[in-house]
Amino acid sequence: MEGPISAAIIAAGIGATALGLLTTLTEASTGVHDALEWSASVGPLSGKTTLAVVVWLLAWAVLHMTLRNKPYETVRALVISSVLIALGVLGTFPEFFQLFS
């Protein structure tokens with residue numbers, strides 16, 4: 001069964017997308033920026049990375065429970081994850097997120 005492997009791969013993409021989204025939201029909203037500044041010395045990076053890890057772990061747990069006994073194609077999971085990672089990387093580029101500041 002490739003379900004657990006696919007779950008881990010897709011969860012990585014979801015976590016990367018969460019980081020990109022949080023980065024863009026931090027630039028777009030001072031409220032989000034202030035809410036994610038959990039450490040004054042680190043700034044909002046502390047909240048962004050912590051929440052991205054939480055999203056990744058939750059996605060992995062949910063997907064693992066959903067796909068654990070299913071024959072899921074790993075290639076399909078890689079394509080899904082690649083798209084999600086690309087979106088996450090896009091969200092962390094200053095040229096992109098500064099469009100919203």
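**Helix packing and aromatic pairs in a predicted all-helical chain**

Leaving aside residues up to four places away in sequence, I9 touches T74, A77, L78 and S81. These contacts belong to a predicted model, and the values below were all computed from its atoms. One of these partners, S81, is found in helix α4. With a relative accessible area of 4%, S81 is buried. When neighbours within four places in sequence are set aside, the contacts of S81 are I9, I10, A12 and G13. The pair I9 and S81 thus appears in the contacts of I9 and again in those of S81.

The chain as a whole contains 5 helices and 0 strands. Read from the N terminus, the order of elements is α-α-α-α-α. The C-alpha trace spans about 45 × 25 × 15 Å along its principal axes. The chain has 101 residues, of which 32% count as buried. Its accessible surface amounts to about 6,000 Å², and carbon and sulfur atoms account for 72% of that area. Among contacts with a separation of 6 or more, 76% join residues 24 or more positions apart. The contact between I9 and S81 is an example of two residues that are distant in sequence but touch in the model.

I9 is also a member of the largest nonpolar core. This core has 9 residues, namely A7, I9, I10, A11, A59, L63, L67, Y72 and A77. Two elements, α1 (3-28) and α3 (45-67), give two or more residues each to the core. Helix α1 supplies the largest share, with 4 residues. A77, another member of the core, is among the residues that I9 touches.

A77 and S81 also occur among the buried residues of α4, which are T74, A77, S81, L84, G88 and G91. Viewed down the axis of α4, the buried residues fall within an arc of 100°, so they line one face of the helix. The face turned away from this buried side carries the exposed residues V75 and V79. The cover over the buried residues of α4 includes α1 and α5 (94-97). As for the length of α4, the helix takes in 19 residues (residues 74-92), and at 1.5 Å a residue these should span 27 Å. The end C-alpha atoms are 27 Å apart, in agreement with that expectation.

A second set of contacts involves T26, which is likewise placed in helix α1. T26 is buried, its relative accessible area being 4%. Not counting residues up to four places away in sequence, T26 touches V32, H33, L36, P44 and K48. L45, in contrast to T26, is not buried: this residue of helix α3 has a relative accessibility of 44% and counts as partly exposed, since that value lies between the limits of 20% and 50%. Between the C-alpha atoms of L45 and L78 the separation is 27 Å, and the two residues are 33 residues apart along the chain. L78 is itself one of the residues that I9 touches.

The structure holds 2 aromatic pairs. W56 and W60 form a tilted pair, with a centre-to-centre distance of 5.4 Å and 35° between the planes. Both tryptophans lie in helix α3, 4 residues apart, or about one turn of the helix. An α-helix has 3.6 residues a turn, so residues three or four places apart point the same way. W56 counts as partly exposed at 30% relative accessibility, and W60 is also classed as partly exposed, at 34%. In the pair formed by F96 and F100, the ring centres are 5.3 Å apart and the planes stand at 65°, so the pair is edge-to-face; the cut-off for that class is over 60 degrees. Both phenylalanines are partly exposed, F96 with 25% relative accessibility and F100 with a relative accessible area of 40%.

How values were computed:
Residues numbered from 1 in each chain as written. Predicted model: local features only at pLDDT ≥ 70, side-chain atom pairs only at ≥ 80, totals over all residues. Heavy atoms only, no water. Core = buried A, V, L, I, M, F, W, Y, C linked by side-chain atoms within 4.5 Å. Buried < 20%, exposed > 50% of the residue type's maximum accessible area, 1.4 Å probe, protein only. Contact = heavy atoms within 4.5 Å. Expected span 1.5 Å × (residues − 1). Arc of directions from axis to C-beta. Areas by Shrake-Rupley, 256 points an atom, 1.4 Å probe, with all protein chains shown as cover. Phe/Tyr/Trp six-rings, centres within 6.5 Å; stacked < 30°, edge-to-face > 60°.
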